[in-house]
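Thank you all for coming; I would like to take a few minutes to walk through one structure with you. Please have the sequence and the 3D view open while I talk, since I will be pointing to particular places as I go.

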Amino acid sequence: MWAFPNGNIIVKGEGHTDWISGCCFHPSGSKLVTSSGDKTVRVWDFTKGGCILTLEGHSYAVLDCSWHSCGDFVASASMDETSKVWDLKSERCRYTLRGHKDSVNSIEFFPFSNIILTSSADKTLSLWDARMGLCAQTFYGHLHSCNHATFNMKSDTIVSCDSYGVLKLWDVRKGVPMVSIDAGPHPGNQVAFDPSGKIFLDIGDIRDTDFSEAICLQC
């Protein structure tokens, strides 16, 4: 972790035995959760300068992680076609979310909510009730692996991207895409809304070169 603007390293930790796929700050900013190809999720404490908890249970690489706004729960997404909700107080898996038919590529808690959003290589997005461990809604429309999905601050709109560079804006209440944008032919790896919820960013690969591209669009 680096400090800005001087760029000095504040914390450096080692512990994962394979590539690191995702990270998310604790709501208070005092801790960090990471996911890895070594099948584990790790919690890091900045004040202690190291890993304080390792969560094991996935059978394949963990691709993403998200921290609940209360700070007591972490969600993880894995290539084993499942997601997990971890209770950090008991240090155990509270629920395993099953339903996707392929790798779960991204996961995110809605702010101040028990709803979880996942995207999957099975070409779908899903909303889950973290209190019950059940799928509440599934979004169909992508024709290729969905690499990432996120929501705006109001939590009424979702943006997603797939492996062919197609972006979709979804109305959460109706469960249907409002807009579909072909930003290909290169894969879209990650999407993000600006705070207003009116502009979103797509980050993608240009696989024939050593560069990546970012596309900024207005809703």
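Let me begin with a strand pair, β5 and strand β6, the latter covering residues 73-78, which run antiparallel to each other and are joined over 5 bridges. If you want one position to look at within that pairing, take D64, which stands opposite A77 in β6. I should say at once that what you are looking at is a predicted model, so please hear everything that follows in that light.

That pair belongs to an open sheet of 4 strands, in the order β5-β6-β7-β8, with antiparallel pairing. Which strands are at the edges of this sheet? They are β5, residues 62-67, and β8, each of which pairs on one side only. Going from one strand to the next, the twist averages 20 degrees. While we are in this region, please look at the loop between β7, residues 82-87, and β8, residues 92-98, where E91 is placed. E91 has a positive phi of about 60 degrees, although E91 is not a glycine.

Let me now move along the chain to strand β11, residues 124-129, on which I would like to spend a little more time. How many residues of β11 are buried? The count is 6 of the 6, so this strand is largely enclosed by the rest of the structure. If we look at the two faces, T124, S126 and W128 point one way, while L125, L127 and D129 point the other way, and all of them are buried. As background to that picture, side chains in a regular strand alternate between the two faces of the sheet.

On one hand, β11 pairs with strand β10, residues 115-120, in the antiparallel sense and over 5 bridges. Within that pairing, T118 has S126 of β11 as its bridge partner. The hairpin of β10 and β11 has 3 residues between the strands, and K123 in this hairpin takes a positive phi near 80 degrees.

On the other hand, β11 also pairs with strand β12, residues 134-140, again in the antiparallel sense, here over 6 bridges. For W128, the bridge partner in β12 is C135. These two strands, β11 and β12, form a hairpin as well, with 4 residues between them, and G133 in the turn has a positive phi of about 70 degrees.

Further along there is another hairpin, built from β15 and β16, also with 4 residues between the strands, and in its turn G175 has a positive phi of about 75 degrees. Strand β15 covers residues 166-171 and strand β16 covers residues 176-182, and the two pair in the antiparallel sense over 6 bridges. In that pairing, V166 has D182 in β16 as its bridge partner.

I would next like to turn to the aromatic rings, of which the model has 3 pairs by the rule used here. One of them is F25 with F46, an edge-to-face pair at 5.9 Å centre to centre and with 65 degrees between the planes. F25 lies in strand β1 and F46 in the loop between β3, residues 40-45, and β4, residues 50-56, so the pair ties together parts that are 21 residues apart in sequence. The two rings sit in somewhat unlike surroundings, given that F25 is partly exposed, at a relative accessible area of 47%, whereas F46 is buried, at 19%.

Another pair is F139 with W170, which is edge-to-face too, at 5.5 Å centre to centre and with 70 degrees between the planes. Here F139 comes from strand β12 and W170 from strand β15, so this pair ties together parts that are 31 residues apart in sequence. Are these residues buried or exposed? F139 is buried, with a relative accessible area of 0%, and W170 likewise counts as buried, at 0% relative accessibility.

Finally, there are two backbone details that I would ask you to check on your own screens. The peptide bond from F4 to P5 is cis, with omega near 10 degrees, and P5 lies in the segment before β1, which covers residues 20-25. The other is S155, which has a positive phi of about 60 degrees although it is not a glycine. S155 is placed in the loop between β13, residues 146-151, and β14, residues 157-162, and at 18% relative accessibility S155 counts as buried, because the cut-off for that term is under 20%.

How values were computed. Residues numbered from 1 in each chain as written. Heavy atoms only, no water. Buried < 20%, exposed > 50% of the residue type's maximum accessible area, 1.4 Å probe, protein only. Pairing = 2+ DSSP bridges. Axes fitted to C-alpha atoms, helices over the stretch in contact; angles between N-to-C directions. Phe/Tyr/Trp six-rings, centres within 6.5 Å; stacked < 30°, edge-to-face > 60°.
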